[in-house]
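Biologist: Got a minute to walk me through this one? I'd like to start with the ligand and then look at the strands.

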Amino acid sequence: ASRLSSRLMAVQPSPTIAMTRLAAEMRRAGKEIIGLSQGEPDFDTPEHIQRAANDAIAAGKTRYTDVDGTPELKAAIIRKFRRENGLDYEPAQISVGTGGKQVIYNALLATLDEGDEVIVPAPYWVSYPDMVRLAGGTPVIAPCPEEDGFLLTPRTLRAAITPRTKWLILNSPSNPTGAGYSAEALAALAEVLLAHPHILVLTDDMYEHIRYDGWQFATIAAVEPRLAERVLTVNGVSKAFSMTGWRIGYAGGPADIVKAMATLQSQSTSNPSSVSQAAALAALDGPMDFLAARNRTFRERRDLCLAAFDAIEGLSCRKPEGAFYLFPSCAGMIGRCRPDGRVIESDGDFVMWLLEEAGVAAVPGSAFGLAPYFRISFATATEQLERACARIEAACKKLS
Ligand code: PLP
């Protein structure tokens, strides 16, 4: 018998992390690998946020805090939701955790019973289905093909709903596709949800601030206030403020769920780092002007990669509204032959070819629930991206 629990046996280690590890192994073996598999801005945490953390340490803010966030940070989060999203929350409706990841996991673990279903639109962030499984629930994958702009349509949503549906998970702009929902698209989904009062909505707005070409971000609780009472709006400082290592995420939503999440956190990790909470407060209350310049850089990198992929026969890529990923189709590469005679039969084979031949680490679309695609992160130095694109093109040309 296995020493591991059946729950754990049902989940996979994150494929993004697996790819990053494989790339690191090849690097150790002396190969030069350009890593495009990890979703992490290459910018530093802005200085005013670093200073706030140093000040917090010096001021002795190094002790346990309230389990799900200091009152000061919760107040800053309430201001953020009001100012940027038009959402009104009380402190009892705010939860702070160790990254958006913990907040989402808390919400699922606090609410799911065996057999409860969670609708996960695909392509999805890799962690959603496995978090649902770990919490004892059943992920119901709702396919969102490229023809639908990688977005959930009202019709697909309706088809996925059953009496056991507990949650719908939305993620806009999306990891891995960068596709974003307009307020109109969210209103159309809300219309369906209003007819099914038993469904909760978890919206993961982690990439809210990383957006391009004047695209307007919208979030479902603000678009349809009649739903607000069953929406958990998740956000965090990791991506917008280049604070991935600080591990602060937060959510606003129904007080009963927020309270249950705090109970769970009190029996698992307790409060997120006190110093990181002080830094997150400075991030949320501080200047946002640095974002425009960073987004300009991200957009240049996006466009550079889009142009490069566009020029490669056999690849095609939809232009994303936000986040820092591209999710190109490699359908045109399937069935082609490597010089060693091996056939590219899947996006997994294609990504392995890119790793071996081009020295570029990407993640296969199948890991995100849609094949044949692959994901690259363009949150990497521009020169690195230029070299990666040139090497991808050369590797693709070797396939016949
Ligand atoms: N949600 C999405 C869609 C993400 O891509 C990520 C990070 O990769 C997270 C949540 C988690 O963010 P955090 O680092 O705050 O846990």
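Modeller: Sure. One term before the ligand: Ala, Val, Leu, Ile, Met, Phe, Trp, Tyr, Cys and Pro count as nonpolar, Asp, Glu, Lys and Arg as charged, and the others, Gly among them, as polar. Also keep in mind that this is a predicted model.

Biologist: Fine. How do the residues of the shell around the ligand divide into nonpolar, polar and charged?

Modeller: Two are nonpolar, nine are polar and two are charged.

Biologist: And which residues are the closest to the ligand?

Modeller: Out of 13 residues surrounding the ligand, the closest are Gly 99, Gly 100, Lys 101, Asn 175 and Ser 238.

Biologist: Which helix gives the most to that shell?

Modeller: That's α5, residues 99-111, which contributes three residues.

Biologist: Is α5 mostly covered or mostly exposed?

Modeller: Mostly covered, with ten of its 13 residues buried. Among the buried ones are Gly 99 and Gly 100 at the start, then Val 103, Ile 104 and Leu 108, and also Thr 111.

Biologist: What about the length of α5, how does the span compare with what 1.5 Å a residue should give?

Modeller: The two agree, because the 13 residues should span 18 Å and the end C-alpha atoms of α5 are 19 Å apart.

Biologist: OK, switching to strands. Why is β3 described as largely enclosed?

Modeller: Strand β3 covers residues 117-122, and five of those six residues are buried, so the rest of the structure largely encloses it.

Biologist: Which strands does β3 join through bridges?

Modeller: It runs parallel to β4 (residues 138-143), with six bridges between them. β3 is also parallel to β5 (residues 165-171), joined by three bridges. Ile 119 is a handy landmark: its bridge partner in β4 is Val 140, and in β5 it stands opposite Leu 168.

Biologist: How does the chain cross from β3 to β4?

Modeller: It goes through helix α6, residues 127-134, and that β-α-β crossover is right-handed.

Biologist: Last topic, the antiparallel sheet. What's the strand order there?

Modeller: It's an open sheet of three strands, in the order β9-β12-β11. β9 (325-326) and β11 (363-364) are at the edges with a single partner strand each, so each has one side without a neighbour in the sheet.

Biologist: How many bridges pair β11 with β12?

Modeller: Two, in the antiparallel sense, with β12 covering residues 374-377. There, Pro 364 stands opposite Phe 374 in β12.

Note on methods:
Residues are numbered from 1 along each chain as its sequence is written. This is a predicted model: local features need pLDDT of at least 70, side-chain atom pairs count only at pLDDT 80 or more; totals for chains, interfaces and linings use all residues. A residue is buried if 20 or more other C-beta atoms lie within 10 Å of its own, exposed if 12 or fewer, and partly exposed in between; C-beta atoms are placed from the backbone. Helices (H or I, at least four residues) and strands (E, at least two) are DSSP runs, numbered from the N terminus. Two strands pair if DSSP finds at least two bridges between them. A crossover is right-handed if, with the strands pointing away from the viewer, the path from the first strand over the helix to the second runs clockwise. A residue is near a molecule or strand if its C-beta atom, placed from the backbone, lies within 6 Å of it. The expected span of a helix is 1.5 Å times one less than its number of residues.
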